Amino acid sequence: MKNRIFILVIFMLVLACKSSHDNSSYDGKSGATIWVNTLHYPQEKHLKNIKQITFGGDNAEAYWSFDSSKLVFQANNKVWGLECDQIFVMDASKPLDSLEIPQLISTGTGRTTCSYFLPGNETIVYSSTHLASKDCPEVPNKEDYGNKYIWPVYKGYDIFVADTKGNQLEQLTFGDGYDAEPTVSPNGDRIVFTSTRTGDLELFTMNIDGSDVRQVTNELGYDGGAFFSPDGTKLIFRSSRPKTEEEIKEYKDLLAEGLVQPTNMELYVCNVDGSDLTKITDLGNANWAPFFHPSGKKVIFSSNHASKRSFNLFMINLDGSGLEQITYDTVFDAFPMFSPDGKKIVFSSNRNNNGTRDTNLFVADWVD
């Protein structure tokens, strides 16, 4: 869960391939590229009445308020005067125009990621590096790492609470290391997050006031992007689990530099205390951004297992059966989240963007 954006860094891998995909054709006379925008693909039978609600920049990790009326999301848009990802809130039923700047939630400094509404719909938990530095932290150069695709895990990240007007209310984590990716239980009592406080990237839970921190995972590898099941009893998350000596060494060496390589991740589910841990995908490549279906019996997620050059949304049962493709964009679909009332879904996509590198938010009615 998306960095993202710490996690939006993964977009770069996909976006770099944009010109090679089949959403364009050529004018027979001039040779000019004609870009064909698509809002809804015919195969997307689970999606109805798709609406684009942002128009320009990088917009991702949009998550619903408890009453299904608002969305909190992270964005980086130079038109808004931004140089780094920040957190915003918007009315889910009112698309922004191309120049409209929504309500800023974060401080406007540092880099942010992974925001989520708290109970009551008037406060938001999010991750930020603004106390470590007001500047945007440096993005690593993959050429320095053999052109391998990497994510930064900035040790300046901590978890904060702000209200929907952008007033900063509380700091929840204080450790010298990465504390980020918080999401909130539908029961409104616990937050799950990823931290390096034990020396590895593990999942933890805590009360919504930051107290009673409990470790959930304890195996070597990056465990992150966790979400609670609808009844609050389980967690779904993405993980890289290095096994060979070479994989383990590479993982540890990168982590020592505050980096992870997210190109091979699978999905795991467990109880909130970490028990009954089960791997539910074994698809290869990057399987990530999982979220529970309203029934609690399935998971929707983003994956490039079918094509390294495009990410789409897929659904799978908790026992690993019944894999089904949900979206068919030729570049990038990710960060799906069902509204708490189960009627709608929000996701991020590069569709319908005139061939630019813009990533926007889309809301649709969900059809089972």
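Here are legends for three close-up views of this predicted model.

**View 1. The largest pocket and what lines it.** This pocket comes in at a volume of about 410 Å³. Its lining counts 20 residues, and the ones nearest the centre are Ser 240, Arg 241, Pro 242, Glu 247 and Asn 264. Strand S18 (234-240), helix H2 (245-256), strand S19 (259-260) and strand S20 (266-271) are the elements that each put two or more residues into the lining. H2 chips in the most, with four residues. Sorted by class, the lining is a real mix: seven nonpolar, seven polar and six charged residues.

**View 2. The open sheet of four strands.** Reading across, the order goes S17-S18-S20-S21, and the pairing is antiparallel. At the edges sit strand S17 (222-228) and strand S21 (278-279), each with pairing on one side only. Zoom in on S20 and S21 and you'll find two bridges joining these antiparallel strands. Tyr 268 has Lys 279 of S21 as its bridge partner. Two strands of this sheet, S18 and S20, also turn up in the pocket lining of the previous view.

**View 3. Ser 128 and its surroundings.** Look for Ser 128 in strand S9 (residues 123-128). With a relative accessible area of just 1%, Ser 128 falls under the 20% cut-off, so it counts as buried. Its side chain makes a polar contact of 2.7 Å with the side chain of His 130. Setting aside neighbours within four places in sequence, Ser 128 is in contact with Thr 109, Arg 111 and Thr 112, plus Gly 156, Tyr 157, Asp 158 and Phe 160.

Methods: Residues are numbered from 1 along each chain as its sequence is written. This is a predicted model: local features need pLDDT of at least 70, side-chain atom pairs count only at pLDDT 80 or more; totals for chains, interfaces and linings use all residues. Side-chain values use heavy atoms; hydrogens and water are left out. On a 1 Å grid over the protein atoms alone, a cavity is a set of points where a 1.4 Å probe fits but cannot get out, and a pocket is an open set with protein on both sides within 12 Å along at least five of seven lines; lining residues have an atom within 4 Å of a point. Grid points are joined across faces, edges and corners, and a volume is the space filled by probe spheres set on the points. Ala, Val, Leu, Ile, Met, Phe, Trp, Tyr, Cys and Pro count as nonpolar, Asp, Glu, Lys and Arg as charged, and the others, Gly among them, as polar. Two strands pair if DSSP finds at least two bridges between them. Buried means under 20% relative accessible area, exposed over 50%, partly exposed in between (1.4 Å probe, protein chains only). A polar contact is a pair of N or O atoms within 3.5 Å; within protein, one must be able to donate a hydrogen and the other to accept it, and residues adjacent in sequence count only if both atoms are side-chain atoms. Contact means heavy atoms within 4.5 Å.
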